[in-house]
Amino acid sequence: MINLYGQEMNKLVNQMVELGQKPFRATQLFTWIYEKRAENFDEMTDISLKFREVLKEKYCLKLPSIYTKQVSSDGTVKLLVEFEDKAKVECVIMRYNYGCVACVSSQVGCNMGCSFCSSALLGKQRNLDAGEMVGEILVLNNVLREENKGQKITHVVVMGTGEPFDNYDNVMDFIRIINHPKALAIGARHITVSTCGLVEGIRKYAREGLQTNLAISLHAPNNEIRNKLMKINRAYPLEVLMPAVKEYEEIAGRRVTYEYLLLEGINDRKEDAEQLIELIKGTKGYVNLIPFNETNRNDYKRSSGNRVHNFLDYLMKGGVTATIRKEFGSDIDAACGQLKAKVENV
Ligand code: SAH
C-alpha cells in the first residue's frame, strides 16, 4: 500500500496516468486530502465509485498516532508520535509572533553521533519516508485545530531527530509536498533544513531550484573542537565544508544560517569567537547562537547568560550578524531527543 500523504505532485500525476486517468486526478486528490481533509476514499464523492475502489486497493491515508503530548507553559507543544511499526519520533510546535513553527524529525534515531545530542544515543533505526514526515505536520495541525484559535503550521524546520541529508530524497519529496499550493502551501522561504554538514547533500540541495533555507550546525570555530563535538567533522572537515557552503550561497543565491551551540568552556571563549569570525568571513551567512539544553546524558554545561551575551558582542564587533535563539518549552524535555530517550528509558 502506498501512503497517499507521501506522494509529491509530479509522482502522483505519473501514477494517475499509469492508472489510465487524466493528470487532474492528482490535483483532485490533493484537494480532498489536504484542503477538505478527507480521511478515506469514500468521502471523495466526485470520484467514481469504480475508481475509488482502484484507489483503495493501491493507496492508504496513514497518519501517525500521538503517543505522548507535552504542553509547556509558554504554549510549546511537544509530541512523541508513533508509526505503524511502533517507531517513535518527536515533533514540536513553537509559537513565534510571526506564526507557528513545526520542528519535525527526519529519521528514527540518528547516526551522526554528535557528542552533545540525545538523538544520537541509539543510532539510526530507520529513515522516515515523505508521508511520515507530512504526517508529523498533519498531526501537529490537528493539535492546533483542537485548540480552536484558528492557527495552523506556517513555518517548518527540519531540526528534529535525524540528519535530513542522510535521508535526502524523502526529505526533498516532503518539502515539495508541504510547499505545494494544493497541499499545505507552506512558503519555501518558511522552510529550513538543518544539516550537520554532509557535503554531498549541501551540493545537491544547492541545485534543487528551491527557495527554501539551509542551516549548518557548525558549533565550533576549528577542526580540533569540532572533531570532539561532531564525528562527522572527521569525514568533512571545515576546509571541505566551508567551500561547499560558499558554493551553495552562489548557486542557490541564498544565505545560510550557522547554528552555534554554546558549551561552557568548550567553544564559548573570546578566541573561539575570533576564530569563528575568520572562518565564516568569506560567506554571507549569519550566526544563530543556541543556548545548550542540558541533559543528564553528557557532561556538557550550558554557557551562562553573560558568556552568551559576550560571545554575541564579540561577533557583532567583528562584523558578523548574530542572534541568540529564543528558547521554548524549557519545562518539557525540550532538547532534541530527550522526550523519546526518557519514554524509552535510554
Ligand atoms: N542533524 C541535523 C538536524 C537535527 S539537530 C543537524 O545536525 O543540524 C538540530 C539542531 O539541534 C542542531 O543544530 C543540533 O546540533 C542541535 N542540538 C542537539 N542537541 C542539542 C541540545 N541538547 N541543546 C541544544 N541544541 C541541540
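**Rings, strands and helices in a predicted model**

The charged end of Lys 36 lies over the ring of Trp 32, at 3.8 Å from its centre, where a charge sits over a ring if NZ of Lys or CZ of Arg is within 6 Å of the ring centre and within 35 degrees of the ring normal. Lys 88 likewise places its charged end over the ring of Tyr 67, 4.6 Å from the centre. This is a predicted model, in which local features need pLDDT of at least 70 and side-chain atom pairs count only at pLDDT 80 or more, while totals for chains, interfaces and linings use all residues. Residues are numbered from 1 along each chain as its sequence is written, and side-chain values use heavy atoms, with hydrogens and water left out.

Rings can also meet other rings, and a search of the whole structure finds nine aromatic pairs; rings of Phe, Tyr and Trp (its six-membered ring) pair if their centres lie within 6.5 Å, and planes under 30 degrees apart count as stacked, over 60 as edge-to-face and the rest as tilted. In one of the pairs, the rings of Tyr 96 and Tyr 98 have centres 4.9 Å apart and planes at 15°, so this pair is stacked. The rings of Tyr 205 and Tyr 248 are also stacked, because their centres are 5.9 Å apart and their planes stand at 10°. Since Tyr 205 lies in helix H6 (residues 199–206) and Tyr 248 in helix H9 (residues 238–252), this pair ties together parts that are 43 residues apart in sequence. Both Tyr 205 and Tyr 248 are buried, where buried means under 20% relative accessible area, exposed over 50%, and partly exposed in between (1.4 Å probe, protein chains only). Ring pairs link these two tyrosines with Phe 165 and Tyr 168 into a cluster.

From the rings we turn to the overall framework. The protein chain has 12 helices and 14 strands, which are DSSP runs numbered from the N terminus (helices are H or I, at least four residues; strands are E, at least two). Ten strands form an open sheet with mixed pairing, in the order S3-S4-S5-S6-S9-S10-S11-S12-S13-S14, and two strands pair if DSSP finds at least two bridges between them. Strand S3 (65–71) and strand S14 (322–324) stand at the edges with a single partner strand each, so one side of each is left without a neighbour in the sheet.

Within this sheet, strand S6 (residues 99–103) has five of its five residues buried, so it is largely enclosed by the rest of the structure. Five bridges join S6 to strand S5 (residues 88–96), and the two run antiparallel; a hairpin connects S5 to S6 through two residues. On the pairing with strand S9 (residues 153–158), S6 runs parallel and is joined by four bridges, and Val 101 has His 155 in S9 as its bridge partner.

Helix H4 (residues 130–147) lies across S3, strand S4 (77–82), S5, S6 and S9, running at about 50° to S5; axes are lines fitted to C-alpha atoms, for helices over the stretch in contact (heavy atoms within 4.5 Å), and angles run from 0 to 180 degrees between N-to-C directions. Finally, for the chain as a whole, buried residues make up 57% of the 346 residues.
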